[in-house]
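Here are some short exercises for getting to know a protein model from its parts. Try each task with the structure in view, then read the worked solution.

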Amino acid sequence: MSLVEIDGSVLEGGGQILRTALALSAITGRPIRVFNIRARRSNPGLQQQHLTGVIAAVKIANAQVMGAVKGSTELVFRPGRIGCGEFRFDIGTAGAVTLVIQTILPILVFAPCRSTVTITGGTDVPWSPPIDYVRFVMLPMLGLFGVKAEVRLVRRGHYPRGGGEVVLSVEPSKLRPVEAVEFGDLREVRGISHAVRLPVHVAHRQANSAREALIKAGVKVPIDIAVETYEQGKDPHLGPGSGIVLWAVSSRGFVKGGDALGERGKPAEVVGEEAAKKLLDNLRSGMALDEHMGDMVIPYMALAGSGVVGVSRITLHTLTNIYIVERILGVKFEVSGREGEPGVIRVVKA
């Protein structure tokens with residue numbers, strides 16, 4: 001097959017271009033050359049978490065690769081036959097395990113047998129989905145497409161120490177089209193507020209603040225926010241960190257999320273309020289998917305051959321993923337709505 005050339009600096013210009021391109025290359029067997037990787041970032045080229053995603057895709061897809069070194073701004077990836085079984089990947093830093101999952105999950109859906117992948121790194125770090133979002137929002141929503149996967153959290157990892165560990169299990173499956181435009185009636189809000197190597201009251205304050213913000217905004221359904229804390233001296237984590245993920249469940253079985261991370265000098269009450277505000281903003285649109293799922297589902301929609309989704313906000317990430325998917329798979333999407341606003345996305349040609 002001819003090499004597909006992809007400019008890694010287009011549109012959003014981040015690591016997502018590489019992640020989506022690697023996954024679709026492995027699935028289709030089409031080799032790719034990605035150049036200008038993260039060219040406009042302050043630290044351009046492959047960083048450790050991107051490199052781990054590449055290495056994982058290479059191993060799972062039995063691929064040949066050129067340019068897989070830290071700082072590289074160009075990569076050639078020639079996939080082989082997708083394998084399956086047990087894998088282990090260590091980012092070695094607080095790089096996001098969830099972004100590695102984004103790279104390999106679509107590939108493993110098309111594998112010939114069940115796979116179990118252990119990944120170590122950062123589970124709750126800036127600029128990436130927290131692991132609880134993946135567990136309780138992303139995977140349930142991808143389940144609508146036929147994806148059979150689960151994530152077990154072994155240990156959390158925060159910036160800068162990392163050291164988190166998760167186990168991803170994936171069953172091969174056939175993807176199916178999804179029609180998910182309107183969210184439906186809100187039935188419940190759930191969540192997890194965690195604090196590791198910190199006083200237990202941090203997690204409780206985050207949860208209480210989020211609950212109060214939701215009630216103040218008029219949410220009248222049950223709100224159940226679990227609290228995850230560890231006894232001093234029995235805490236297995238490498239460094240301190242906290243965060244909260246909230247998710248709303250609709251009468252149609254759709255799930256939307258909102259999250260926030262703690263950081264030094266940021267009151268726990270602000271963390272809880274921030275997560276609640278994000279969730280409320282996503283709920284106001286009435287669309288089935290939150291803004292993050294809006295870009296995550298694009299490859300699955302294309303691989304399923306058809307489908308239509310409503311998203312709370314069309315982001316540059318979403319438009320970037322559409323560009324890459326169209327380039328590699330030859331499908332066409334139709335986007336109704338402007339960037340930064342709610343919209344509807346459909347596959348019009350597969």
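The exercises below go from the whole chain to single residues, and the model they use is predicted.

**Exercise 1. The whole chain**

Task: Find out how the radius of gyration of the chain agrees with that of a compact globule.

Solution:
- Begin with the secondary structure, which comes to nine helices and 16 strands.
- Next, look at the extent: the C-alpha trace spans about 55 × 45 × 40 Å along its principal axes.
- A compact globule of 350 residues would have a radius of gyration near 20 Å, and the chain has 19 Å, so the two agree.
- Now turn to the inside, where buried residues make up 56% of the 350 residues.
- Contacts tell a further part of the story: of those with a separation of 6 or more, 73% are between residues 24 or more positions apart.
- Finish at the outside, with an accessible surface of about 14,700 Å², 49% of which belongs to carbon and sulfur atoms.

**Exercise 2. A sheet of four strands**

Task: Work out which strands stand at the edges of the sheet with the order 5-6-8-7, and why one side of each is left without a neighbour.

Solution:
- Read the order of this open sheet, 5-6-8-7, and note that its pairing is mixed.
- Strand 5 (86–90) and strand 7 (148–155) each have a single partner strand, so they stand at the edges and one side of each has no neighbour in the sheet.
- From one strand to the next, the twist averages 15°.
- Follow strand 7 to strand 8 (residues 164–171): the two run antiparallel and are joined by seven bridges.
- For a landmark, find Ala-149, which stands opposite Val-170 in strand 8.
- Now add the helices. Helix 3 (residues 97–109) lies across strand 6 (115–121), strand 7 and strand 8, at about 165° to strand 6.
- Helix 4 (residues 131–143) lies across strand 7 and strand 8, and runs at about 160° to strand 7.

**Exercise 3. A residue within the sheet**

Task: Decide whether Thr-118 is buried or exposed.

Solution:
- Locate Thr-118 in strand 6.
- Its relative accessible area is 11%; buried means under 20%, so Thr-118 is buried.
- Beyond residues up to four places away in sequence, Thr-118 touches Phe-87, Arg-88, Phe-89, Glu-165, Val-166 and Val-167.

**Exercise 4. A strand with both faces covered**

Task: Say which residues of strand 14 (residues 308–311) lie on each side.

Solution:
- Recall that side chains in a regular strand alternate between the two faces of the sheet.
- In strand 14, Val-308 and Gly-310 are on one side and Val-309 and Val-311 on the other, and all of them are buried.
- Strand 9 (residues 179–180) pairs with strand 14 in the parallel sense over two bridges, and Ala-180 has Val-309 as its bridge partner.
- Strand 16 (residues 343–349) runs antiparallel to strand 14, with four bridges between them. Here Gly-310 is partnered by Val-344.

**Exercise 5. Two helix residues**

Task: Find out how Asn-282 and Leu-303 are classed by relative accessible area.

Solution:
- Asn-282 lies in helix 6 (residues 268–284). With a relative accessible area of 4%, Asn-282 is buried.
- A polar atom of the Asn-282 side chain lies 3.3 Å from the backbone nitrogen of Glu-291.
- Leu-303 belongs to helix 8 (residues 298–304). At 22% relative accessible area, Leu-303 is partly exposed.
- Leaving aside neighbours within four places in sequence, the contacts of Leu-303 are Leu-24, Ile-27, Phe-110, Leu-175 and Leu-329.

**Exercise 6. Backbone exceptions**

Task: Find where the cis peptide bond is and which loop holds Trp-127.

Solution:
- Keep the usual pattern in mind: most residues other than glycine have a negative phi, and most peptide bonds are trans.
- The cis peptide bond joins Tyr-159 and Pro-160, with omega about 5°. Pro-160 sits in the loop between strand 7 and strand 8.
- Arg-38 is not a glycine, yet has a positive phi of about 50°. Arg-38 is in the loop between strand 2 (32–35) and helix 2 (48–60), and is buried at 8% relative accessible area.
- Trp-127 has a positive phi near 65° and lies in the loop between strand 6 and helix 4. With 87% relative accessibility, Trp-127 counts as exposed.

Definitions and conventions. Residues are numbered from 1 along each chain as its sequence is written. This is a predicted model: local features need pLDDT of at least 70, side-chain atom pairs count only at pLDDT 80 or more; totals for chains, interfaces and linings use all residues. Side-chain values use heavy atoms; hydrogens and water are left out. Two strands pair if DSSP finds at least two bridges between them. Axes are lines fitted to C-alpha atoms, for helices over the stretch in contact, and angles run from 0 to 180 degrees between N-to-C directions. Contact means heavy atoms within 4.5 Å. The radius of gyration is taken over C-alpha atoms; the globule rule is 2.2 Å times the number of residues to the power 0.38. Buried means under 20% relative accessible area, exposed over 50%, partly exposed in between (1.4 Å probe, protein chains only). Accessible areas come from the Shrake-Rupley method with a 1.4 Å probe; for residues, only the protein chains shown count as cover. A polar contact is a pair of N or O atoms within 3.5 Å; within protein, one must be able to donate a hydrogen and the other to accept it, and residues adjacent in sequence count only if both atoms are side-chain atoms.
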